[in-house]
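Trainee: I would be grateful for a close look at a single part of this chain, together with whatever surrounds that part. Please explain each term as it arises.

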Amino acid sequence: MDYKFCSSCGRRLNASARFCEHCGMNLMPQGGGQIPPSPSQVPPPPSRVPASGPPPVPRLPGQPPVPSSAPSYMPPSPPYGTYQQSSEDELTYLLRLHTKNDKYFEKMMRKSKWNWPMFLLGPFWLGYRKMYAEFAMYVGVLSLMSIFLMLLGSESSGGFAGMGIGMAILANQMYYNKSKKAVDKIMQYYSDPEVRRNLVIQKGGTSGWGIVYAIVILIVSLAVEFIIEEALL
């Protein structure tokens, strides 16, 4: 004989029973459907684990899927190179800004072995290009040579001519080294491209005050040489 159990008291009943003979529970389906299960028989809803971390990056058509071991979130690329031009990297671009002269920039990058402005203008070109340390060393060497010649009682100008020719040959290399050192320092301490660009423009280029600085230093050095010469006579 087939049996069924009361959903209220759990007693065994005949399969055809419409009411429980022990507790009186109505065993007929409600509304023509099946007998609803008791709350203890209803399975709990699946737990939803909150997603952790940023959403995965959408995959473009034709792009290979991200390996399961790789993180689903990739950080955005840094702003490095925002101001890059076509085939130039950021260092080359900043060197161009530092020079502020495309024609001279090309000569500097080729490290041309001759610089006419340096040969013709001498220390004034160094001051104009903000090469103040190089200018001070150049004038200092010239002053020492002049004082040494006065001590020897010689008036030879061959040393000064050789110094001028040597500086004209080395000027482009010296300016490249100075510019690259300044740009490297800015790139090391500042990561924002806009800040790098503004600092390179500010520290590079030319300066009319550099010419004034050169004139003042030359006048002072000539005055010192004149005083030493008078003291030796």
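Mentor: Of the 233 residues of the chain, 25% count as buried, where buried means under 20% relative accessible area, exposed means over 50%, and partly exposed lies in between (1.4 Å probe, protein chains only). This is a predicted model, in which local features need pLDDT of at least 70 and side-chain atom pairs count only at pLDDT 80 or more, while totals for chains, interfaces and linings use all residues. Residues are numbered from 1 along each chain as its sequence is written, and side-chain values use heavy atoms, with hydrogens and water left out.

The chain has eight helices and two strands; these are DSSP runs, numbered from the N terminus, with helices being H or I of at least four residues and strands being E of at least two. Read from the N terminus, their order is β-β-α-α-α-α-α-α-α-α. Among contacts in the chain with a separation of 6 or more, 56% come from residues 24 or more positions apart, a contact being heavy atoms within 4.5 Å.

The part I propose to examine is helix α1, residues 90-99. Eight of the 10 residues of α1 are buried, so the helix is largely enclosed by the rest of the structure. The buried residues are Glu90, Tyr93, Leu94, Leu95, Arg96, Leu97, His98 and Thr99. Their cover includes α2, α6 and α7, and these three helices may be taken in turn.

Let us begin with α2, residues 102-110. Between α1 and α2 stands Lys100, which follows α1 and has a positive phi, near 60°. The axes of α1 and α2 come within 9 Å and cross at roughly 125°. Here axes are lines fitted to C-alpha atoms, for helices over the stretch in contact, and angles run from 0 to 180 degrees between N-to-C directions. The crossing angle makes α1 oblique to α2, since angles under 35 degrees count as roughly parallel, over 145 as roughly antiparallel, 65 to 115 as roughly perpendicular and the rest as oblique. The crossing of α1 with α2 is right-handed: a crossing is so called if the near helix is turned clockwise from the far one by less than a right angle, and left-handed if anticlockwise. On the α1 side, Thr92, Leu95, Arg96 and Thr99 make the contact, and on the α2 side Asp102, Tyr104, Phe105, Glu106, Met108 and Met109 do so. By class, these residues divide into five nonpolar, two polar and three charged; Ala, Val, Leu, Ile, Met, Phe, Trp, Tyr, Cys and Pro count as nonpolar, Asp, Glu, Lys and Arg as charged, and the others, Gly among them, as polar.

Two members of that contact, Glu106 and Arg96, also form a salt bridge, with their closest N and O atoms 3.5 Å apart. A salt bridge is a side-chain nitrogen of Lys or Arg within 4 Å of a carboxyl oxygen of Asp or Glu. The pair joins α2 to α1 across 10 residues of sequence. Its two ends may be described separately: Arg96 counts as buried at 17% relative accessibility, whereas Glu106 counts as partly exposed at 36%.

The next helix is α7, residues 193-203. Here the side chains of Arg196 and Glu90 meet in a salt bridge (3.0 Å, N to O). Arg196 belongs to α7 and Glu90 to α1, so the pair ties together parts that are 106 residues apart in sequence. Both of these residues are buried.

The last of the three is α6, residues 158-189, in which Val183 has its place. Leaving aside neighbours within four places in sequence, Val183 is in contact with Leu91, Leu94, Leu95, His98 and Val200. Val183 is buried, with a relative accessible area of 0%. The C-alpha atoms of Val183 and Thr92 are separated by 9.5 Å, although the two residues are 91 residues apart along the chain.

Beside Val183 in sequence is Asp184, whose side chain meets that of Lys180 in a salt bridge (2.8 Å, N to O). Both residues lie in α6, four residues apart, about one turn of the helix. An α-helix has 3.6 residues a turn, so residues three or four places apart point the same way. Lys180 counts as partly exposed at 28% relative accessibility, and Asp184 is partly exposed at 31%. The whole structure holds three salt bridges.
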